[in-house]
Amino acid sequence: MTKHKILLIIGGGIAAYKALELIRRAQDRGYEVTVIMTKAAEQFVTPLSVSTLAKGKLYANLFDPHEEMDVGHIRLSRQADIVVIAPATADLMAKMAHGLADDLATATLLANDRPVLIAPGMNPKMWDHPAAKRNRAQLAEDGVHFVGPTSGEMAEANEAGTGRMAEPAAILDAVDGLLRPSQHGLLSGKHVLITAGPTHEPIDPVRYIANRSSGKQGYAIAAAAHAAGAEVTLVTGPVHLNAPEGVEVVAVETARQMKQAVVDALPADIAIMCAAVADWRTASAADQKQKKDGSGTPPVLELTENPDILHHVAREADPRPALVIGFAAETDHLIEHATAKRLRKGCDWLVANDVSQEGVMGGDTNSVHLIRDQGIDAWPKADKQAVANRLVSEIIQHFQ
Ligand code: C5P
């Protein structure tokens with residue numbers, strides 16, 4: 001089997017020392033690592049240590065005739081399966097967002113057509129700066145994948161907040177997740193049933209009750225499960241996303257329709273209930289558009305509870321899927337609420353996401369805990385496709 005190749009770009013931040021560990025651990029996992037160091041990175045780790053660990057595959061200078069002849073900045077990334085930037089400094093991210101190319105790292109990134117995973121590492125104030133926010137929004141739009149940063153103590157005394165680079169193991173988990181071909185075929189023969197998106201509960205023919213769910217996480221899981229060879233049914237509420245290739249999509253609007261579509265799609269080996277199903281619907285939707293009657297008194301909306309689809313699949317479906325996974329979006333007491341929810345719903349695993357965090361609800365990144373019988377794992381913040389791929393990896397391991 002040929003080894004997957006990582007092109008690692010080390011930026012100039014204090015977390016650069018962790019890049020040494022990253023190289024070693026990547027090699028342990030069977031990756032071949034080639035490295036580019038920025039000039040600033042050389043202030044934090046020595047090229048000699050990096051070159052020794054990377055077995056001489058270290059490049060630094062865009063204008064070195066030997067290096068350009070040897071590989072060239074275009075070929076450097078083309079020879080890789082993925083480009084990983086760790087630490088991705090505020091400066092590097094700004095240059096990427098604007099397409100600057102004034103050194104080997106940035107020129108290689110501009111000439112690159114491979115997936116890019118960045119592990120930002122910077123001072124929390126920098127991470128929170130509006131310019132840094134603009135840049136990362138641009139990078140996310142350009143399809144760059146993120147892992148971390150995490151929060152906690154920083155190198156600078158008395159500085160805390162979000163900005164710590166993700167640990168090498170977490171970065172490599174994200175790489176494993178993105179290089180999906182390794183999972184190809186491992187779910188073949190399995191039927192995976194997924195719900196995604198919000199539901200719309202009509203008030204009258206033009207108004208409805210809904211929520212901010214974008215459907216992105218469920219769609220990403222559907223794509224990852226399909227890539228792993230599963231037969232995938234995606235029951236989706238109204239969203240603005242393209243159907244993932246090769247997936248059977250059943251579009252519904254209301255919770256009751258979603259439940260019926262799920263029941264019709266059973267049996268399944270694995271059920272992943274990501275949808276943000278409306279808890280309540282109007283007791284009776286009006287046939288005609290509700291009008292103001294001039295009295296100044298607003299109409300009273302009587303609500304009634306919707307069926308709980310996850311509860312049904314986990315506790316009543318016969319045959320029950322071998323693995324039932326629920327999601328919980330919480331804004332406070334994440335672990336406590338999500339742990340209780342897992343037991344109440346009867347699902348095997350529960351993926352808890354903290355929707356109070358910036359960029360989670362409707363956005364491209366997610367910060368989750370996976371709650372199972374064997375314990376709780378906190379995953380670093382990453383984009384929704386990386387979270388999806390990792391979840392699919394866990395499912396594969398569960399069935400092995
Ligand atoms: O109770 P809560 O809505 O927080 O539970 C979230 C989990 O339950 C998600 O997996 C969601 O898809 C599922 N759910 C469902 N049917 C409902 C409500 C929630 O399947 N009516």
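**Close-up 1. Who lines the largest cavity, by residue class.** In this predicted model, the wall of the largest cavity is made of 8 nonpolar and 2 charged residues, with no polar ones. Going round the lining, you'll meet Val147, Ala170, Asp173, Ala174, Trp379, Pro380, Ala382, Ala386, Val387 and Arg390. Asp173 and Arg390 are the charged members of that set. The space inside comes to about 60 Å³.

**Close-up 2. The largest cavity, seen by helix and domain.** Two helices, α9 (168–178) and α14 (384–399), each put at least two residues into the lining of the largest cavity. Domains share the job too: domain 1 (5–179) and domain 2 (185–284 + 294–399) each contribute at least three lining residues. Look for Ala170, Asp173 and Ala174 among the residues around this space, along with Ala386, Val387 and Arg390.

**Close-up 3. The second largest cavity and its wall.** Here the volume is about 40 Å³. Ile6, Leu8, Leu22, Ala26, Val33, Val84 and Leu172 form the lining. Strand β1 (5–10) and helix α1 (17–28) are the elements that give two or more residues to this wall. As for chemistry, the lining of the second largest cavity counts 7 nonpolar residues, no polar and no charged.

**Close-up 4. Both cavities together.** At a cut-off of 30 Å³ or more, the structure holds 2 cavities. What volume does the second largest one have? It's about 40 Å³, while the largest holds about 60 Å³. Charged residues turn up in the lining of the largest cavity, 2 of them, whereas the second largest cavity has no charged residues in its lining.

Terms used: Residues are numbered from 1 along each chain as its sequence is written. This is a predicted model: local features need pLDDT of at least 70, side-chain atom pairs count only at pLDDT 80 or more; totals for chains, interfaces and linings use all residues. Side-chain values use heavy atoms; hydrogens and water are left out. On a 1 Å grid over the protein atoms alone, a cavity is a set of points where a 1.4 Å probe fits but cannot get out, and a pocket is an open set with protein on both sides within 12 Å along at least five of seven lines; lining residues have an atom within 4 Å of a point. Grid points are joined across faces, edges and corners, and a volume is the space filled by probe spheres set on the points. Helices (H or I, at least four residues) and strands (E, at least two) are DSSP runs, numbered from the N terminus. Domain bounds come from an automatic or database domain assignment.
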